[in-house]
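Here is a quick walk through one protein model, with an eye on charged pairs, surface patches and what sits inside. Have the sequence and the 3D view open as you read.

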Amino acid sequence: MAALIAENFRFLSLFFKSKDVMIFNGLVALGTVGSEELFSVVAFNCPCSPARNYIYGLAAIGVPALALFLIGVIWNNHTWNLVAECHKRGTKNFSAAATFLLFGSIMGRATVAPITWSVISLLRGEAYICALSEFVKPSSLDKFPADYGAEVLAKFPCRDVPANLTKFRDEVTRRLRYESQLFGWLLIGIVAVLIFLTKCLKHCCSPLSYRQEAYWAQYRSNEDKLFRRTAEVHSRILAAKNVKQFFGFVALDKEEKELVQEFPVEGVQPSPQWNAITGVYIYRENKGFPLYSRLHKWAKGVEGNGPTPEGHELLFLAS
């Protein structure tokens, strides 16, 4: 148990540090596997009661998957960029293709954890057996006693059955586990095919060459890292300046004193500038030159968000 908890903490550490999409999705899947194992060990407990088994079994699979999906949507930067875009500019600059790409990106990343949870739950089979044991038809079991019904079948997952029904319990458990694992493998196959087709479609429809797309990804990553690092330093220096003005002095350590001396901060950026670099960005070119982000477009002094005679919108969403 301690090793499992430690594994999940290590996953969380890597989760927040990872920037690469494939590594990110892999870590989400691994973390979900560990969480599902932990849930099965400490939380899952089939009620073994008619009518309750079905609700509990489906809830054990569906509710955590729904929660993971919502968390994935909340943690996706595209979600809040879309909110900011709709709040500040509306969606008049979005074509149908751009809107589809945006929602596809948000939904695709958000479904990694819930699909992983559902697959692991189906492969384990416990929740599926709990949910459907009472619905097994007694007539499908050879020589099943006629005086037993759904109430006894509902107790099969808990092994709380008369001795003469042990072989029937094993048969029902084996049959339901087979069905559960079959659905799990089918889900894996369907997801794999969809991922393959999506990747093919993305590269076929991309207006960028492979090298330029790789450069764009590197640029976005570097811009984000430098922006966050600079914003942290800028906000610290500005806070130090305001605290000093209030108290007459500010308690800084050696590193902070060096930052204040090296980077004088006079004020903050006005709201129009923040609004200009915030929101959904779709790859565009201006007079043949690429614009890799909203910050890049603002730095180049390009106005507007839609296609213009000088600008060309290529409908390729930043992933």
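Glu232, Arg236 and Glu256 are tied together in a network of salt bridges. Keep in mind that this is a predicted model, and that the salt-bridge count for it comes to 6.

Three other salt-bridge pairs are worth a look, and they are listed here with the distance between their closest N and O atoms.

| Basic residue | Acidic residue | N to O distance |
|---|---|---|
| Arg124 | Glu126 | 3.2 Å |
| Arg169 | Asp170 | 3.2 Å |
| Arg175 | Glu171 | 3.2 Å |

How much of these side chains can solvent reach? Take the Arg124 pair to begin with. Arg124 has 26% relative accessibility, so it counts as partly exposed. Its partner Glu126 has 32% and is partly exposed too.

The Arg169 pair is a mixed case. Arg169 has a relative accessible area of 10%, and because buried means under 20%, Arg169 goes down as buried. Asp170, on the other hand, is partly exposed at 32% relative accessibility.

What separates Arg175 from Glu171 along the helix? They are 4 residues apart in helix H9, which means about one helical turn lies between them. Both ends of this bridge are partly exposed: Arg175 has a relative accessible area of 25%, and Glu171 has 27%.

Now for the inside. The largest nonpolar core is made up of 21 residues, and Phe144 and Phe156 have the most contacts within it. Helices H3, H7 (126–132), H8 (150–153) and H9 (166–205) each put at least two residues into this core. H7 is the top contributor, giving 4 residues.

H3 turns up again on the outside. Which residues make up the nonpolar patch on the surface? They are Leu66, Leu70, Ile71, Ile74, Trp75, Trp80 and Val83, and together they have about 700 Å² of accessible area. Helix H3 (52–75) and helix H4 (77–88) each supply at least two residues of the patch, with H3 providing the largest share at 5 residues. Ile71 is a handy one to click on: it is found in helix H3, and at 37% relative accessibility it counts as partly exposed.

The surface has a charged patch as well. Asp253, Glu255, Glu258 and Glu262 form a negative one. Of these, Glu255 lies in helix H11, which covers residues 254–262.

Move on along the chain and you come to Glu266, in the loop between H11 and helix H12 (271–276). Is Glu266 buried or exposed? Its relative accessible area is 68%, and since exposed means over 50%, Glu266 is exposed. Try picking out Ile237 along with it: Glu266 and Ile237 are 29 residues apart in sequence, and their C-alpha atoms are 9.7 Å apart in space.

To pull the charged side of the picture together: there is the network of Glu232, Arg236 and Glu256, and there is the negative patch that includes Glu255 and Glu258. On the nonpolar side, H3 gives at least two residues to the largest core and 5 residues to the surface patch.

Technical notes: Residues are numbered from 1 along each chain as its sequence is written. This is a predicted model: local features need pLDDT of at least 70, side-chain atom pairs count only at pLDDT 80 or more; totals for chains, interfaces and linings use all residues. Side-chain values use heavy atoms; hydrogens and water are left out. Patches are made of residues with over 30% relative accessible area and no salt bridge: like charges are joined within 9 Å, nonpolar side chains (Val, Leu, Ile, Met, Phe, Trp, Tyr) within 5 Å. Accessible areas come from the Shrake-Rupley method with a 1.4 Å probe; for residues, only the protein chains shown count as cover. A salt bridge is a side-chain nitrogen of Lys or Arg within 4 Å of a carboxyl oxygen of Asp or Glu. Lys and Arg count as positive and Asp and Glu as negative; His and the chain ends are not counted. The place of a charge is taken as NZ of Lys, CZ of Arg, CG of Asp or CD of Glu. Buried means under 20% relative accessible area, exposed over 50%, partly exposed in between (1.4 Å probe, protein chains only). A nonpolar core is a set of buried Ala, Val, Leu, Ile, Met, Phe, Trp, Tyr and Cys residues joined through side-chain atoms within 4.5 Å.
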